[in-house]
Structures are given as structure tokens and as C-alpha cells.
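Biologist: Hello! I would like to take a close look at one part of this protein with you, step by step. Could you walk me through it once the structure is up?

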Amino acid sequence: MSLNDGNNVDDNVDFQISECLNPKSPKSFFLFAGAGSGKTRSLVAALTDFKTNHGNKFILNNQKIAIITYTNAAADEIKQRLMFDQIFYVSTIHSYAWELIQLFTLDIKSYVQTKLIEDIKDLELAQSKSRNLQNKTSIDRARKIKTKTKRLENLINVTRFTYNPNGDNFKKDSLNHSEVIGITADFIANEILMQDIVAARFPIILVDESQDTKKELIDALFTLQKNKKEVFSLGLFGDTMQRIYADGKPNLGESLPPDWVLPVKKMNHRSNKRIIKLINDIRQDVDEQKQQPRKEKSEGVVRLFIADRATDKVATEKTVAEKMSALTEDKNWIESDNVKTLILEHHMAAIRMGFFGIFQPLYKVDRLKTSLIDGSLSTLNLFKNTILPLIEAHKTNDKFSVMRIIKTNSTLFDKKIIENSKDQLKHLSNINGYVTKLLALWDGENDPSLKDILHVIYETKLFPLPSMFKVISSRTKDEQSTFENLDTEDEEPNDEAIEAWDLALEAKFSEVSKYNEYLNEGSKFATHQGVKGLEFPRVVVIIDDEEAKGFMFSYDKLFGTKDPSATDKKNEAEGNETGIDRTRRLFYVACSRAEESLAIIAYSDNPDLVKTNAMTYGWFADSEIEII
Ligand SMILES: Nc1ncnc2c1ncn2[C@@H]1O[C@H](COP(=O)(O)OP(=O)(O)OP(=O)(O)O)[C@@H](O)[C@H]1O
């Protein structure tokens, strides 16, 4: 690259960061720059440089650089780019926090004990003021007091706490996610010994996406840096405009100590010119930071399509893809695999791909959410990992695979069961009959419900059932009808997961195959929030508050078709952040993912007003907006 090619105006930033990381004179820095400015790339470049210059010394001292990322996917990506070198400890904040505290059982115990005693005291005080102990809040509060008291009593039995950064942590000796962050922040901020240990093990800590990193931990790291500045450097990477989670530290970067280095980046290396202009304009009212495109970038295409909410969305989105293909002369727009569609909530993908029936009830249960989205929900495995391949093999008349799947998964083929059966031939012929009965559910063009399938499996014992399905299947006919006619107001609430499964089991089996497709082709859809740090050539941003049903963001308010609430007005008057501010930042994140062309589809009850406002903001020209 020549020195004056116009694209390398920010090259000095990598050099500035490398200088900060010199262990002989460590400095802390704050690299905050817009989308696509190459922050992640600078992070990797500085670390690669560090490895060459100081890596051996770190290995000898058994020291590491900690790199904290926002997601596991980002951690994997950076590990790979750093060629899995052992001097880098790359992980999410939760894994890193646990790495720091896990051996301090007694200190953790004392922290948890103090916190539980305080919580119980507060709850009991609130309960004593309750006017009606039978209302939902009081009942929930009583339940919380009971659970916390039980946990307090059990603390004495804990010999070692357990924690899974990616899991649910329901065990008696488990810590939950916010406890691990709270404990780590508390230890780092207040325990001199912990500060010594962290600075000695990790003389450099770099935090990617620091605008969204838990504020208590960021504050603790600031304290650590202040106390250990001779031997420790803290590097923060991020972009205040991309703060979209409530637990990040607002105004991060204001009033930094004067000895911090503040490199500045002007370029956006990712997007075409028109897209950069759009994100500069969205950003304008916030901090006026303007980026410049790379010289060789094309103009690119941005379009805002506005449709009535009542419209057929799948058809609308297909039309948009065709229009974008014509506008950009890019056939990839009509290959759905080559377009990234950004939805607000996962259920919008479930509607579009046709597995809403299974998805929606299960997604409502907090403890099932994460595993449902990442495909690890074990209860679903019976359908997804056993029945689905079985039926696919059956439909293609692949008898060999059918038999193999049955043999691998059915307990009826257990050696012991076969040996113990009095008439082995009969046993095998029975299995054959059970398989025939199961497969008959798909006769003709039939698409059985999950409940029908479960019923046959329960009766024949062909496959082992997860306990949830055993409970549901073992209800007698009488219990079943009582259950269906339950007046839930009068009864003890059922376990919410059982209720959710009762609904999900009504779904047709074809939904399992669509859900599986969604997991395998996770590439087609992603959420506005989930794509932070990523980039795609062609992006569709779908906007529909009603379908999203969220409460954190409101595109209707951003586009002026819904008035700000009283709280928004109060927050604005007091100089606090409003829902509109949050939504603007989310919109910035979503739009800035596009490299070549970008379509935004806004569903609204008032398309004309969306158009007028979008033009008034100066975000789109008249010719770039189409009401369809
Ligand atoms: N100096 C550079 N020269 C060429 N390409 C670059 C340069 N810096 C970054 N890029 C490319 O620009 C794109 C965006 O870079 P990167 O993902 O590092 O940006 P970012 O600042 O982390 O973005 P975001 O905040 O949106 O996540 C990537 O494709 C990257 O390879």
C-alpha cells in the first residue's frame, strides 16, 4: 500500500496502540471509532506486533494478555486470527470473570452470604408493607424469600462453587451470571490482593465492544488501572454509538485521566459510499462523527421500502429482494442465502420460515430461550436428531438408514434387553411392528403433530423419552381432559415449561424440519442486536415494532409515527437517554453491517408519515423511498 493512497490515514493508530502495549512503559488507551473503522483489525494487528516484540518475555513470566470479547463467536474469531497463541487469553467477560475468581471459595461464600442476607431483609421489609399478601407481587415475593433463605441455609454445604458461562446454572452450588460479574467487580475494585494477582497474571487487558460491557466491571478495571498504572495497561475498543444493551456504561470515555492515549480513526473500510453517508446522517444528531469511505468503494445502493403492517410480509420481502436485484444489477439479491435479513426478535424468523408453532411457546420460557435459539435444547433432540433423520430416510425409501437410526437410538436394541427376552425373534418382530406403526403416521401426505408421534413412542417404548415428555405422556385420559379444561385462575400454576411443551406439541412435524433448517442456515436471519461486529454484502433491515413485541426499542417513535411517552419526554427534559436514542443506535448498528447494498423495510400503520419523516431527517432522498 502506498503512503498516499488516501485509504491509510488511520495507519498511525496501530502504531499508537503498539506503543501503549510496551511492558517497559505501559499506557492505557481508549480507541472509540465508528462502524467498520477497523477496530477489531487494529486489535489483532497490535497483538500480533506485541507477540513478535515481547511474546517470549511473557511466556517466561507465565503472563498473558486478556482480550475480552462480547460473544463466544467473536472470541473464536479473534483466537483464530491470533493463531491460537497461548499468550493470549481470549474469552467473553463471563468466562474471564470466572477464571479470575473461581478458586476463592471462602470469599465468594462470604460475598453471597452478605448479599442474600441483605436481599432477604429488603424483601421482608417490602412484604411487611404489602396490603394484600394474596396478590401476584406478594406471592412472588414470598417465593423469592423462601428460595433465598433456602440458598442461604445451603451455603455451608458448598465446598466449591460451580458456574457455566454459557449455561443455566440451576444447581445448588451454582453461581448465576450476574453474581459472577458482581463478585469479580467487587474483588477487583476492593481487594488489593486481587489487584496484585490480576495485574501480575494479565499485565494487559483489552476489552472489545467495551461500550456494552457490564458497567460495574468496567468501573472495576478503571480502578485497577489507576492503582497499577506502572505495570498494567487497559485498552478499551468500542463505539458509543453502538451501545445497545442497558448494562453498558453510558458516557464511557468522558473524563478519562490525562495520561490515557486516545487514538482517532476517520475511515470506514467496510461499506460503499451511500451506506456510509446514511450512517453518518443517522449519527449526526448524536456526536457528529463523520466517516470517510475507501477511495475504491462504489457508490452502493440504499433503499427504504415502506409497507402497511397488514400486508403479506413474506410476499413483500420477496418483492423487495427482486427490486433490489434490479436496482443493483446483482442477482445475489434473489438468492435468499446470499442476503442477510435482520429481524428484531427471533420469532420473526420463526414466522417467516414456518416454525412458529414450536418456537413461540418454548421461547416464552426464560430458561429455554438460549438453548432453543442455539439448537441445544435437549428435549427437542428426540424430534430433531432422531425422528427427523428417520423420516428423511423413510421418505427416500432408504431402509438401511432407517434400521441404522432405530438400532442406534432405540433402547429396545440394548444387548441386555434382547438377551433377557424369552423369545428373541418375537422381540425383534415386535420392534418391526412398532417402527411400522410410527412410520405409518406419515402415510400419504400426512404431517402428524408432535403429540401424535410422542403418543406412539410412549406406547411402544421405541425410543427413550426425556422426563418432560414422560410427564406429559403419562397423563391418564381423565387427567388429560381435566388438564385441557383447567381454569388456570383457580389452580396452582403448572410448571411453565410443561405448559409451553403442551402447546408446542400441537405443532406439525414439518415445523421441526424448518426449525432445523433455521439452525443450520442460521446465516439467513439474524437479529439487529446479534450482528454487532459482523458484516455482509447485502442486508435487509426489517422494522416492525408490533411484530417484534419488544419494549426496549421503538422504531415507530424513531420514525415519528408514534408520540414519545411521558417517560420519554421526562427523560429528554432531564437530559437522560430515551427509547428513541436507544433505537437510533440500534438502527445505526443494523445499517452499518452492509458492505454493498442495503434495503430497509419499515412496516407501519402510516406509511406516508414514515416517508415524510424519513425525508425530513435527511436520511433518504425522495427517489430512495418506495411505498409498496
Ligand atoms: N486498514 C484497513 N485496510 C483494509 N481493510 C480494512 C482495514 N481496516 C479494516 N478493514 C476491513 O474493514 C472491515 C471492518 O473492519 P473491522 O471489523 O475491524 O471494523 P470494526 O471497527 O471492528 O467495525 P464494527 O464497529 O462495525 O464492528 C473488515 O472487513 C476489515 O477487514
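Which helix is K514 found in?

Modeller: Happy to help! Keep in mind that this is a predicted model. K514 belongs to helix 23, which covers residues 510-520. Its relative accessibility is 32%, and because buried means under 20% and exposed means over 50%, K514 counts as partly exposed.

Now look at what surrounds this residue. If we set aside the neighbours within four places in sequence, K514 is in contact with M353, G354 and F355. M353 is 161 residues away from K514 along the chain, yet 6.5 Å separate their C-alpha atoms.

Let's step back to the domains. The domain assignment gives domain 4 as 355-519, alongside domain 1 (10-97 + 190-269), domain 2 (103-161) and domain 3 (274-344 + 528-627). The centres of domain 1 and domain 2, taken over C-alpha atoms, are 36 Å apart.

Here is a helix pair to look at as well. Helix 15 (residues 381-395) and helix 16 (residues 399-409) have axes that come within 8 Å and cross at roughly 160 degrees. Angles over 145 degrees count as roughly antiparallel, so helix 15 is roughly antiparallel to helix 16. The crossing of helix 15 past helix 16 is left-handed. On the helix 15 side, the contact is made by T386, P389, L390, A393 and H394, while helix 16 brings S401, V402, I405, I406 and N409. Sorted by type, the residues of this contact are six nonpolar, four polar and no charged.

Conventions
Residues numbered from 1 in each chain as written. Predicted model: local features only at pLDDT ≥ 70, side-chain atom pairs only at ≥ 80, totals over all residues. Heavy atoms only, no water. Axes fitted to C-alpha atoms, helices over the stretch in contact; angles between N-to-C directions. Helix = DSSP H or I, 4+ residues; strand = E, 2+ residues; numbered from the N terminus. Parallel < 35°, antiparallel > 145°, perpendicular 65-115°, else oblique. Left-handed = near helix turned anticlockwise from the far one by under 90°. Contact = heavy atoms within 4.5 Å. Nonpolar A, V, L, I, M, F, W, Y, C, P; charged D, E, K, R; others polar. Domains from an automatic or database assignment. Buried < 20%, exposed > 50% of the residue type's maximum accessible area, 1.4 Å probe, protein only.
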